[in-house]
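Got the viewer open? Let's walk through this one stop by stop, selecting as we go.

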Amino acid sequence: MKAILFAAGSGTRLQPLTKMWPKCLMPIGHRPLLEYWLEYISNVDISEVMVNLHFHSEIVESFLKQERFDWVRLAYEEELLGTAGTLKKNYQFLKGSTILAIHADNWCVCDFKKFIHYHHVERPENTLITMMTFETDNPESSGIVELDSRDVVVEFHEKIQNPPGNLASGAVFIFEPEVLEWIIMEENIYDFSRDVIPNFLGKIATWKNCMIHKDIGTIEQLKEAQKDKKPPFIYNGGSWQKKFLENPIHKLLD
């Protein structure tokens, strides 16, 4: 497997915080959000990982240039390409592999080993994608799924009024090489959720995260996430971490 983390967004709803600090590095407890995602990936032994950069790229790059992240590749985008556009641009790195694709600006705690095991061993026959799902308190701002008896996606509603339920896409996907090949062949494909998912209905398995999965797109949501129980970290210290703890972003959140 290879992994790609989408971390280039500007986080406009988090202004004024994002005027000084990237959304993907917002504090969750005393750690930046992106660090949790990289920790999960490291714990499932995926060593070929790429993170795309754009907004506040120099800050994100300084975080990823720490020696302990020497296994992570950086992919700078002069202009935002969209999630599917990023997959196209990095085809040479990703081709031929099962791909773990993560929108790294959400806050998530889950058992990644079970998620990956489900995709490889338990997902229904003839499915090519496994979508992580969760129950949302705000379905109108989420991508809501309807499932068949096998928990395969048969309908997908991206941020509509009065959606039929509250089971949402967690914007974390595992997909087989055939999906990337389809993306490469299609024109006018930019966003994975809007442009790719609707074309694979009936071929998308789902795995429900019953732990923590939250949009932290507003200051209120980000503050609320600080109350959640955080997974433990083995690593502590380092000069970047010390500077991070001194950053005024923490006081602004308080």
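Start with the largest nonpolar core, which has 53 residues in this predicted model. Select Leu5, Leu34, Trp37, Leu100, Trp107 and Phe112, the residues with the most contacts inside that core. Now add helix α2, residues 33–43: this helix gives the most to the core, with 7 residues. Then look for a second, separate core of 29 residues, and pick out Val153, Phe156, Val179 and Leu180, which are included there.

Back to one of those tryptophans. Select strand β7, residues 106–109, and check its two faces. Asn106 and Cys108 sit on one side, Trp107 and Val109 on the other, and all of them are buried, so both faces are covered. Next, bring up strand β13, residues 212–215, which pairs with β7 in the antiparallel sense over 4 bridges. Opposite tryptophan 107 you'll find lysine 214 of β13.

Time for some charges. The structure holds 9 salt bridges, and we'll visit a few.

- Show lysine 23 and aspartate 105: they form a salt bridge, with the closest N and O atoms 3.5 Å apart. Lysine 23 is in the loop between α1 (17–20) and β2 (27–28), and aspartate 105 in the loop between β6 (99–103) and β7, so the pair ties together parts 82 residues apart in sequence. Lysine 23 counts as buried at 8% relative accessibility, while aspartate 105 counts as partly exposed at 24%.
- Move to glutamate 35 and arginine 68, a salt bridge whose closest N and O atoms are 2.4 Å apart. Here glutamate 35 belongs to helix α2 and arginine 68 to the loop between α3 (57–64) and β5 (72–76), so parts 33 residues apart in sequence are tied together. Glutamate 35 is buried, at a relative accessible area of 1%; arginine 68 is partly exposed, at 23%.
- Now try glutamate 135 and lysine 208, whose side chains meet in a salt bridge at 2.6 Å, N to O. Glutamate 135 lies in strand β8 (residues 129–135) and lysine 208 in strand β12 (residues 204–208), so this pair links parts 73 residues apart in sequence. Lysine 208 counts as partly exposed, at 37% relative accessibility.

Before leaving the charges, select Arg31 along with Glu35 and Arg68: salt bridges that share partners join the three into one network.

Last stop: proline 248, in the loop between α10 (239–245) and α11 (249–253). Is proline 248 buried or partly exposed? Partly exposed, with a relative accessible area of 45%. Draw a C-alpha to C-alpha distance from proline 248 to leucine 17: they are 231 residues apart in sequence and 9.9 Å apart in space.

Methods:
Residues numbered from 1 in each chain as written. Predicted model: local features only at pLDDT ≥ 70, side-chain atom pairs only at ≥ 80, totals over all residues. Heavy atoms only, no water. Core = buried A, V, L, I, M, F, W, Y, C linked by side-chain atoms within 4.5 Å. Buried < 20%, exposed > 50% of the residue type's maximum accessible area, 1.4 Å probe, protein only. Pairing = 2+ DSSP bridges. Salt bridge = Lys/Arg side-chain N within 4 Å of Asp/Glu carboxyl O.
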